[in-house]
Amino acid sequence: MLSSSGTKKGRLGLLACTALVVGNMIGSGVFLLPASLAPYGPMALAGWIVTAIGAIALAIVFGRLARLVPKTGGPYAYTRAGFGEFAGFLIAWGYWIALWAGNAGVAVAFTGYVGHFVPGAASGLPGLAVGLTALWALTLVNIRGVGIAGIVQVATTVLKLLPLLALVVAGLAAVDGSRFTPLNPSGLDPVAAIAACSALTLWAFLGLESATVPAGDVANPGRTIPLATVLGTSFAAALYILVTIVAFGTVQPAVLGASTAPLALVAEQLWGPVGGSAIAIGAIVSTFGTLNGFTLLSGQVPFGAARDGTFPAFLGEASPAGTPVNALIVSSLLSSILIAMNGSRDLVEQFTFIILLATLTSLVPYIFCALVELVLYATDPIRYRPPPRIGGLVALATIAFLFSIGAIYGAGAEVVFWGFLLLMSGLPVFVWIKRHNLTARAAPSLRHQAPASPSFKETH
């Protein structure tokens, strides 16, 4: 059935896709990142700008790929089309790591803002208990069914933007310019400082590819997905930069960096304790909603990959309600282990390490996708009618690729080390799945080809 606009009813339009991008991007990062960025001072703003440019370039890349490879699956589908089966597996594996590692980071951010009301709940065993309780409560919600999880997601998405917009409107008038000196208190050279900030701030842009994932349910995807991706990314970038200006312009960096609820601290400077509590409540709602969304995806991604024969089959088993129960439980177990392993760090350090790990594993699909269109142009020119301007194509791919490489450099040696180990841990899984799939395909043909054994009656 068609609506008056000529699109099928129930399909996602421009507004819905833009909201999907914004809703998936704006979550825990903007509420806790000011504390992680505080040691870099105003140089963090340069990091935000560099990240925004790189993210918009990636958004354009994903928009173009949505036209060339109109398949559901986003980065996984694009990488498989350009680089083949193994690269597709590696992207699916890395994306899954990013989701369950990201879930751990969001749970830590949730704990920090709960600590605004119950100070003892933001550290030690109580902090671990709060984070794990929120994680497993939402895991159970998602096991009950996607419909219930969707209700939670819609409610929290509607509420998350209100406190941030209020903070920006009121805070810009109270910014003190003297707080923006020194420009680079970190002691790093400017390039290294910007790279480090970019690696951190990219966490807040993860999800920019959201509109590409449900491509099969988007009305006029060739136009809607590119426009929604760029609009959503640009809106989020502007909001992030404005929030950081307000935070750095109203609170001393040293105080900001030591806070487990930095935007609540900013709101207290503007409106007193009531304002701080209001922002903290908004952050709790936002991080809880983000945790729900990441939990939903952390089950759906391995579930879909298993159904596609890319991941182990047991992750593709569903409950009677149709939910990916095994995938949800395994993902949440991995998130829980990561939270527990980093429990000895203070909350801001814990959050910083986890989001860098999640960001690193997300950069792998971004690097591949930056070059997919060049590969398709070289190997499958039939897709291009008319041919693109090769100079612009190369420039866009170069910006997206170099930005992704630079963000990996900024993540630091420890994060790259752990991220590399996690990615490489997928290699035995790929070998095992290939062997299993080949055996499964060979078994029916062997049964048909083998001569039937004579029965007892035929031989006697």
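Is Cys197 buried or exposed at 0% relative accessibility? In this predicted model, Cys197 counts as buried, because its relative accessibility of 0% falls under the 20% cut-off. The same reasoning applies to Cys369, which counts as buried because its relative accessibility is likewise 0%. With a disulfide taken as a pair of cysteine sulfur atoms within 2.5 Å, the count for the structure comes to 0 disulfides.

The second largest pocket has a volume of about 320 Å³, and its lining is made up of 16 residues, of which Trp100, Leu338, Met341, Leu357 and Leu422 are the closest to the centre of the pocket. At least two lining residues are contributed by each of helix H5 (85-114), helix H13 (325-341), helix H14 (347-379) and helix H16 (413-424). By residue class, the lining of this second largest pocket consists of 12 nonpolar, 2 polar and 2 charged residues.

Enclosed space was also examined, and the structure holds 2 cavities of 30 Å³ or more. The second largest cavity contains about 30 Å³ of space, and the residues that line it are Val61, Ala370, Glu373, Leu374, Leu393, Leu396 and Ala397. Helix H14, which supplies at least two residues to the lining of the second largest pocket, also supplies at least two to the lining of the second largest cavity, as does helix H15 (390-411). The lining of this cavity divides into 6 nonpolar residues and 1 charged residue, with no polar residue present.

Key
Residues are numbered from 1 along each chain as its sequence is written. This is a predicted model: local features need pLDDT of at least 70, side-chain atom pairs count only at pLDDT 80 or more; totals for chains, interfaces and linings use all residues. Side-chain values use heavy atoms; hydrogens and water are left out. Buried means under 20% relative accessible area, exposed over 50%, partly exposed in between (1.4 Å probe, protein chains only). On a 1 Å grid over the protein atoms alone, a cavity is a set of points where a 1.4 Å probe fits but cannot get out, and a pocket is an open set with protein on both sides within 12 Å along at least five of seven lines; lining residues have an atom within 4 Å of a point. Grid points are joined across faces, edges and corners, and a volume is the space filled by probe spheres set on the points. Helices (H or I, at least four residues) and strands (E, at least two) are DSSP runs, numbered from the N terminus. Ala, Val, Leu, Ile, Met, Phe, Trp, Tyr, Cys and Pro count as nonpolar, Asp, Glu, Lys and Arg as charged, and the others, Gly among them, as polar.
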